Amino acid sequence: MTESEKTTLLTIKHEIDSDSEANDPNYQHVTDRRTLRNRYLAVKNLILDERDDLSSIDSAKFKSIVKYLESLHQIVLKPREQIADAEALLDITNTLLTSVKATNGDGITISDFVDSLVRDFGKQSSRPDGRTLIDWKKIGIEYSDASRSSRGCRTMIGPMDTQMKQRKARRKRARLVENEQPAEVDDTDIKKKTNTDINMATMFDILRKHRIVRLEQLVLNRNSFAQTVENIFALSFLVKDGRADIKLDEKGIHLVSPKNAPTATAIASKEVVYNHFVFRFDFKDWKLMKDYIEVGHELMPHRD
């Protein structure tokens with residue numbers, strides 16, 4: 001650890017112990033982006049050094065560090081800062097997980113598992129010996145809620161009458177003569193629009209019609225997770241081309257509106273500057289978005 005990192009680490013310890021700056025959500029004095037990343041690095045080193053103290057029940061260090069990270073999170077703007085913020089949160093989570101595993105000891109033993117099966121899924125047999133049987137059907141029904149697989153018969157999916165493909169015979173090349181000319185290339189297929197171009201055009205028409213919409217209503221396809229991802233992909237290109245603008249209102253809601261693309265001169269003179277951010281989206285986020293947006297309020301049409 002260098003001397004500058006040691007100095008920053010001591011400063012972070014003093015701020016967390018005093019808990020004065022952690023109560024300021026804006027952190028007005030931190031203006032240098034490099035300083036912000038150094039603070040995140042110091043917090044990660046502090047979590048590593050104080051991992052024993054964090055796991056104790058009566059320690060207030062964990063709450064102070066979380067409040068400090070929350071104050072730093074309020075001024076995160078760049079992708080590198082978002083990554084540092086996520087890594088710091090992951091470090092403190094792993095520290096607590098290691099502490100819980102150490103406290104739990106060996107965890108659930110084989111005998112505990114078997115006793116639980118007999119207790120919850122056992123049933124009396126009609127045999128004279130009166131032995132206890134396991135209700136495997138009940139176990140399958142309980143497990144289906146976790147695996148999200150429906151109960152029923154399973155069938156093979158795919159073609160049933162596959163045949164061997166015949167290899168095409170190689171065509172002999174004709175010898176060129178002097179009066180032959182190369183054929184003109186038809187570039188009509190090259191100029192055809194891709195699916196992304198079509199989605200971008202459809203989305204931009206929707207923005208021009210509604211002027212300002214919520215981001216979730218614009219990209220959500222309730223019937224298809226894949227098409228929702230394609231809509232986000234199309235929106236990212238509209239933003240990159242300067243034809244769409246994403247802003248936050250006073251309630252923290254993302255609003256999208258159309259705009260005219262900047263000229264090449266404005267981009268070259270840096271009058272227009274691109275800002276990028278990381279957009280996290282997975283299947284769980286899609287399910288939450290479906291619950292968040294009312295049925296029928298989606299704007300992008302479903303594609304067959």
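Is D120 buried, partly exposed or exposed? Select D120 in this predicted model: its relative accessibility is 39%, so D120 counts as partly exposed.

**Stop 1: the D120 pair**

Keep D120 selected and add R119. These two residues form a salt bridge, with 3.5 Å between the closest N and O atoms. R119 is exposed, its relative accessible area being 59%. Side chains of opposite charge can pair when their charged atoms come close. By the rule applied here, the count of salt bridges comes to 6, and two further examples follow on this tour.

**Stop 2: helix α2**

Select residues 33–49, which make up helix α2. The helix has 17 residues and extends 25 Å from its first C-alpha to its last, close to the 24 Å expected at 1.5 Å a residue. Colour the buried positions next: L36, R39, Y40, A42, V43, N45, L46 and I47.

Centre the view on N45, a member of α2. Why does N45 count as buried? The relative accessibility of N45 is 19%, and the cut-off for buried is under 20%, so N45 falls in that class. Now display A88 as well. Although N45 and A88 are 43 residues apart in sequence, their C-alpha atoms are 9.4 Å apart in space.

**Stop 3: from α2 to α5**

Move to K44 and add E87. A salt bridge joins these residues, and the closest N and O atoms are 3.2 Å apart. The pair links distant parts of the chain, since E87 belongs to helix α5 (residues 79–104) and K44 to helix α2, with their positions 43 residues apart. Both ends can be inspected for accessibility: K44 is partly exposed, with a relative accessible area of 24%, and E87 counts as partly exposed at 36%.

**Stop 4: R303 and E230**

Select R303 together with E230. Their side chains meet in a salt bridge with an N to O distance of 2.9 Å. This pair likewise links distant parts of the chain: R303 lies in the segment after α12 (283–292), E230 lies in helix α10 (residues 225–240), and the two are 73 residues apart. E230 is partly exposed, with a relative accessible area of 38%.

**Stop 5: the sheet and its helices**

Which strands form the open sheet, and in what order? Select the 3 strands and read them across as β3-β5-β4, with antiparallel pairing. The edges are occupied by β3 (213–214) and β4 (244–248); each has a single partner strand, so one side of each is left without a neighbour in the sheet. Between β3 and strand β5 (residues 254–258), the antiparallel pairing runs over 2 bridges. To locate one bridge partnership, label V213 and its partner in β5, V256.

Now add helix α8 (residues 195–210), which packs on the sheet and touches β3, β4 and β5; the direction of α8 makes about 95 degrees with that of β5. Helix α10 also packs on the sheet, touching β4 and β5, and the direction of α10 makes about 100 degrees with that of β4. Helix α10 is the element that holds E230 from the previous stop.

**Stop 6: R211**

Finish in the loop between α8 and β3, where R211 is found. What is the phi of R211? The value is positive, about 70 degrees, although R211 is not a glycine. Most residues other than glycine have a negative phi.

Definitions and conventions. Residues are numbered from 1 along each chain as its sequence is written. This is a predicted model: local features need pLDDT of at least 70, side-chain atom pairs count only at pLDDT 80 or more; totals for chains, interfaces and linings use all residues. Side-chain values use heavy atoms; hydrogens and water are left out. Helices (H or I, at least four residues) and strands (E, at least two) are DSSP runs, numbered from the N terminus. Buried means under 20% relative accessible area, exposed over 50%, partly exposed in between (1.4 Å probe, protein chains only). A salt bridge is a side-chain nitrogen of Lys or Arg within 4 Å of a carboxyl oxygen of Asp or Glu. The expected span of a helix is 1.5 Å times one less than its number of residues. Two strands pair if DSSP finds at least two bridges between them. Contact means heavy atoms within 4.5 Å. Axes are lines fitted to C-alpha atoms, for helices over the stretch in contact, and angles run from 0 to 180 degrees between N-to-C directions.
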